Amino acid sequence: MKVVTVRTKPAYQIKIGANLLEFLPRDITNIVEFGKIALITDTRVEKLLGETLLEILRKARLYAELFSFPEGEGSKNVQTVVDLARRMIRASYDRKDLILALGGGVVGDIAGFLASIYLRGIPFIQVPTTLLAQVDSSIGGKTGVDLPEGKNLLGTFYQPRAVYIDTEVLKTLPQHEIKNGLAEVIKYGCILNRPLFNFLLKRSSSIYQLRSQDFEYMIYHSCLTKAQVVKKDEKEAGLRRVLNFGHTYGHALETISGYTISHGLAVAVGMAIEAKLSELLKINSEPVYEPLVELLSNLGLPYRVNQLGLQFSREELINLMFKDKKVWKGKLTIVLLKKIGEYLFYEDPPQDMLMEALDGCF
Ligand SMILES: NC(=O)c1ccc[n+]([C@@H]2O[C@H](COP(=O)([O-])OP(=O)(O)OC[C@H]3O[C@@H](n4cnc5c(N)ncnc54)[C@H](O)[C@@H]3O)[C@@H](O)[C@H]2O)c1
Ligand SMILES: [Zn+2]
């Protein structure tokens with residue numbers, strides 16, 4: 001088992017290993033005092049893991065009940081939060097009780113948001129079950145739901161009391177969901193963790209065999225990297241923006257597709273374009289585009305825009321980048337690469353360069 005301490009206020013630990021769920025009941029009782037457990041999950045994870053975890057908790061003589069909602073991003077709205085809250089109130093959950101989130105990023109974001117506002121806040125523990133949730137959404141304390149006007153528009157910063165990552169649960173995850181998470185793992189490698197990048201390159205031919213040891217290494221390094229960033233910038237004022245590498249173009253591609261392509265694939269292509277831009281602006285001291293494209297291609301991730309199968313106007317895409325949350329006082333700050341494992345914030349890249357980088361990746 002590997003442990004990452006996230007030094008937010010309050011601090012908490014992420015525990016990573018195979019078959020960790022068995023060990024969870026004993027460990028949580030050492031971390032937090034509580035009465036009952038509301039096990040929040042979605043309908044798909046309920047079938048795959050919900051009953052198993054419920055059984056493990058009950059065997060340890062903990063009182064737990066399942067509260068599930070339909071799987072998918074479509075459930076990430078206020079209505080789901082209100083429904084869950086009402087069911088918990090009717091089942092007499094109070095401030096001494098605990099919410100346990102079992103599922104992907106959708107479950108984590110909803111359950112975390114609910115925990116932060118239920119009776120003005122109750123303790124919350126995460127058991128992320130997608131690779132994306134294990135390496136990204138369960139770390140850092142961002143919670144929230146979507147509005148018809150856009151994604152993640154309502155939310156809070158609320159840290160969990162602990163995170164348990166069981167690498168074995170990934171065995172039932174479809175390959176496209178693994179790819180979705182891998183894009184973020186590659187991102188950590190590119191911006192801050194060269195050993196992680198090199199590890200991925202070395203193991204790329206066998207990644208989809210989902211060997212526990214490989215995933216333990218990748219998840220540990222991803223959590224460590226994100227935790228370091230979050231510790232220095234809990235509320236997203238400065239450094240945390242480094243996590244946007246690949247996301248400036250990536251978000252624009254996602255938006256222009258009407259969210260028909262997955263986040264990870266958009267970010268994969270976004271990283272390739274932003275690596276290309278780093279070279280066009282000559283801020284790199286060694287090649288960054290070639291090694292990144294080699295890795296993306298080895299892992300079966302896209303690195304060219306036309307691999308996404310989208311029809312759009314290039315001007316419209318560049319305009320979208322300026323409408324993003326990341327634009328501050330009309331200035332676009334983009335994360336570029338000096339080397340693999342070393343980033344740079346670049347303010348106001350010239351429009352023609354933004355276009356040239358995009359054109360270079362079709
Ligand atoms: N809070 C943050 O910092 C943060 C960061 C990144 C993303 N997010 C959010 O995360 C969400 C995406 O998360 P996601 O990609 O995990 O999506 P998700 O939660 O919808 O999970 C994807 C699918 O996998 C299924 N699933 C989950 N675990 C499984 C398992 N072990 N085996 C088989 N199937 C399983 C789910 O039921 C779902 O159908 C988005 O809403 C995004 O906004 C939040
Ligand atoms: Zn992302």
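These are my notebook entries on a few helices, loops and single residues.

**Entry: the model**

I am working from a predicted model.

**Entry: helix α2**

I started with helix α2, which covers residues 43-59. How far apart are its end C-alpha atoms? I found 23 Å between them. At 1.5 Å a residue, the 17 residues should span 24 Å, so the two values agree.

Next I looked for a bend. α2 bends by about 55 degrees at leucine 49. Leucine 49 is also on my list of buried residues in this helix. With it there are Val45, Glu46, Gly50, Leu53 and Leu57. I noted the general rule on spacing: an α-helix has 3.6 residues a turn, so residues three or four places apart point the same way.

What covers the buried residues of α2? I listed helices α1 (24-31) and α4 (105-117) among the covering elements. Strands β3 (36-42), β4 (63-69) and β5 (98-103) are included as well.

**Entry: backbone oddities**

I then checked the backbone for unusual values. The general rule is that most residues other than glycine have a negative phi, and most peptide bonds are trans.

Where does arginine 61 sit? I placed it in the loop between α2 and β4, just after α2. Its phi is near 60 degrees, a positive value in a residue other than glycine. Is arginine 61 buried or exposed? It is exposed, because 8 other C-beta atoms lie within 10 Å and the cut-off for exposed is 12 or fewer.

Asparagine 152 also has a positive phi, near 55 degrees. I found asparagine 152 in strand β8, residues 150-154. It has 14 other C-beta atoms within 10 Å, so I put it down as partly exposed.

The peptide bond between lysine 9 and proline 10 is cis. I read omega there as about -5 degrees. Proline 10 lies in the loop between β1 (2-6) and β2 (12-17).

**Entry: α6 against α10**

I turned to helix α6 (residues 175-192) and helix α10 (residues 263-280). Their axes come within 7 Å. They cross at roughly 30 degrees, and the crossing is left-handed.

Which residues meet at this crossing? From α6 I wrote down Lys179, Asn180, Gly181, Leu182, Ala183, Ile186, Lys187 and Cys190. From α10 I wrote down His263, Gly264, Val267, Ala268 and Met271. I sorted the residues of this contact into seven nonpolar, four polar and two charged.

**Entry: cysteine 190**

I followed one residue of α6 further: cysteine 190. Why does cysteine 190 count as buried? It has 28 C-beta neighbours inside 10 Å, and 20 or more is enough to be called buried.

Leaving aside neighbours within four places in sequence, I found cysteine 190 in contact with Phe197, Phe245 and Met271. Leu292, Leu337 and Ile340 are on that list too. I also compared cysteine 190 with proline 291. They are 101 residues apart in sequence and 10.0 Å apart in space, C-alpha to C-alpha.

**Entry: serine 212**

Serine 212 is in helix α8, residues 212-232. I counted it as partly exposed, because it has 15 other C-beta atoms within 10 Å. Which residues does serine 212 contact, neighbours within four places in sequence left aside? They are Ala18, Thr167 and Glu168. Phenylalanine 23 is 189 residues from serine 212 in sequence. In space I found 17 Å between the two, C-alpha to C-alpha.

**Entry: lysine 339**

My last stop was lysine 339, in strand β11 (residues 331-339). With 16 C-beta neighbours inside 10 Å, lysine 339 counts as partly exposed. Not counting residues up to four places away in sequence, lysine 339 touches Asn284, Ser285, Glu286 and Val288. I also looked up the distance to valine 230. The C-alpha atoms of lysine 339 and valine 230 are 22 Å apart, with their positions 109 residues apart in sequence as the separation.

Definitions and conventions
Residues numbered from 1 in each chain as written. Chains lettered and ligands numbered in written order. Predicted model: local features only at pLDDT ≥ 70, side-chain atom pairs only at ≥ 80, totals over all residues. Axes fitted to C-alpha atoms, helices over the stretch in contact; angles between N-to-C directions. Helix = DSSP H or I, 4+ residues; strand = E, 2+ residues; numbered from the N terminus. Left-handed = near helix turned anticlockwise from the far one by under 90°. Contact = placed C-beta atoms within 7 Å. Nonpolar A, V, L, I, M, F, W, Y, C, P; charged D, E, K, R; others polar. Expected span 1.5 Å × (residues − 1). Bend = angle between axes of the 7 residues up to and from the residue.
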